Amino acid sequence: VLYLVPLLVLPAGLALDRVAGVLAGARPGWRPRLRAGLMAACVAVNAATFVLPDGSLLGQVGARDRHVAAVLAAVRRYATADVVVIADPEGPSSYRTAMYYLPEYTVVAVGRDRFGRAGEMFSNRPGAPEYDLARFDHVGPLRLPAGRVALILDPVVLDSVADPERLEPMRPAGDPAAVIYSVWLDPADPPRARGSWIWLRASDTLAHPVRA
């Protein structure tokens with residue numbers, strides 16, 4: 001956006017000036033007024049496209065800001081030593097968003113690599129792969145801190161969870177569309193990644209070896 005849009009705007013300005021000159025014809029004094037009128041028309045079209053209608057770019061930015069603010073407020077109700085934040089590697093509540101706004105918390109991205117294997121993608125813990133793109137080709141072992149509450153920020157993570165019945169949903173105030181899921185990480189029955197699934201309780205793999 002920052003590099004390409006200005007390059008597109010510069011020739012657009014030249015084209016606008018050329019159109020104003022053509023429309024002015026034999027009346028060169030009209031050229032500045034026509035140019036100003038064309039610029040005003042461009043501003044009106046852009047406002048009608050990006051600001052006014054439902055689902056406009058401005059509306060999307062506002063909705064995004066409300067979503068992030070609601071999720072952050074919900075997470076910050078917990079002490080940093082009590083929770084581990086789990087996010088999808090990408091998406092609206094992604095790892096990058098969480099690690100940027102919640103650097104004081106332990107944030108772990110979990111999901112599947114391009115071969116379908118589930119596990120840990122990256123984490124902001126000291127010594128852990130921090131946004132290592134190689135993990136999209138090969139996930140690492142799942143190392144979630146035991147004895148904490150895991151807060152799953154993005155429902156996309158549930159696509160890799162084999163025992164979602166363990167999760168407790170909650171809706172943060174301020175964004176009725178947002179949902180956060182919580183689960184206690186039992187030290188006696190820790191999470192485990194196996195094949196294409198993440199088990200919130202390792203013992204659940206005995207009861208549910210495959211989830212369709």
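Y131 counts as partly exposed, at 31% relative accessibility. In this predicted model, Y131 is placed in the loop between β3 and β4, and its phi is near 50°, a positive value in a residue other than glycine. The ring of Y131 also has company: the charged end of R96 sits over it, 4.2 Å from the ring centre. On top of that, ring pairs tie Y131 into a cluster with Y95, F122 and F136.

A quick word on confidence before going further. The protein chain has a mean pLDDT of 87, with 95% of its residues at 70 or more. Broken down by element, β4 comes out with the highest mean pLDDT (96), while helix α5 (residues 204–207) has the lowest (80).

Back to the rings. The count of aromatic pairs comes to 4. One of them joins Y95 and F122 in a tilted arrangement, with 5.1 Å between the centres and 55° between the planes. That pair links distant parts of the chain, since Y95 belongs to helix α4 and F122 to strand β3, 27 residues apart. As for solvent, Y95 counts as buried because its relative accessibility is 0%. F122 is likewise buried, its relative accessible area being 0%. Elsewhere, another arginine turns up against an aromatic face: R112 lies over W197, at 4.5 Å from the ring centre.

Y95 shows up again in the nonpolar interior. The largest nonpolar core has 23 residues, and the members touching the most others are V75, V85, Y95, Y105, L153 and I180. At least two residues of this core come from each of α3 (57–75), β1 (83–87), α4 (95–101), β2 (106–112) and β3 (118–123). Helix α3 makes the largest share, with 5 residues. Y105 gives a feel for the local packing: setting aside neighbours within four places in sequence, Y105 is in contact with V75, R76, Y78, A79, T80, V83, V85 and N124. There is also a second, separate core of 19 residues, with V110, I152, Y181 and I198 among them.

What, then, does β6 pair with? Strand β4 runs antiparallel to β6, and 4 bridges join the two. Within that pairing, I152 has Y181 of β6 as its bridge partner. Strand β5 (residues 168–170) also pairs with β6 in the antiparallel sense, over 3 bridges. Here M170 is matched with I180 of β6. Strand β6 (residues 180–184) is largely enclosed by the rest of the structure, because 4 of its 5 residues are buried. The bridge partners also lead back to the cores: I180 is one of the members of the largest core that touch the most others, whereas I152 and Y181 both sit in the second core. As a general point, side chains in a regular strand alternate between the two faces of the sheet.

The β4 end of this arrangement can be followed through V149, which is found in strand β4 (residues 149–152). Leaving out neighbours within four places in sequence, V149 is in contact with D82, V83, V84, S182, V183 and W184. V83 is therefore a shared neighbour, being in contact with both V149 and Y105. Finally, V149 and D186 are 37 residues apart in sequence, with 9.0 Å between their C-alpha atoms.

Notes
Residues numbered from 1 in each chain as written. Heavy atoms only, no water. Core = buried A, V, L, I, M, F, W, Y, C linked by side-chain atoms within 4.5 Å. Buried < 20%, exposed > 50% of the residue type's maximum accessible area, 1.4 Å probe, protein only. Contact = heavy atoms within 4.5 Å. Phe/Tyr/Trp six-rings, centres within 6.5 Å; stacked < 30°, edge-to-face > 60°. Lys NZ or Arg CZ within 6 Å of the ring centre and 35° of its normal. pLDDT = per-residue confidence, 0-100. Pairing = 2+ DSSP bridges.
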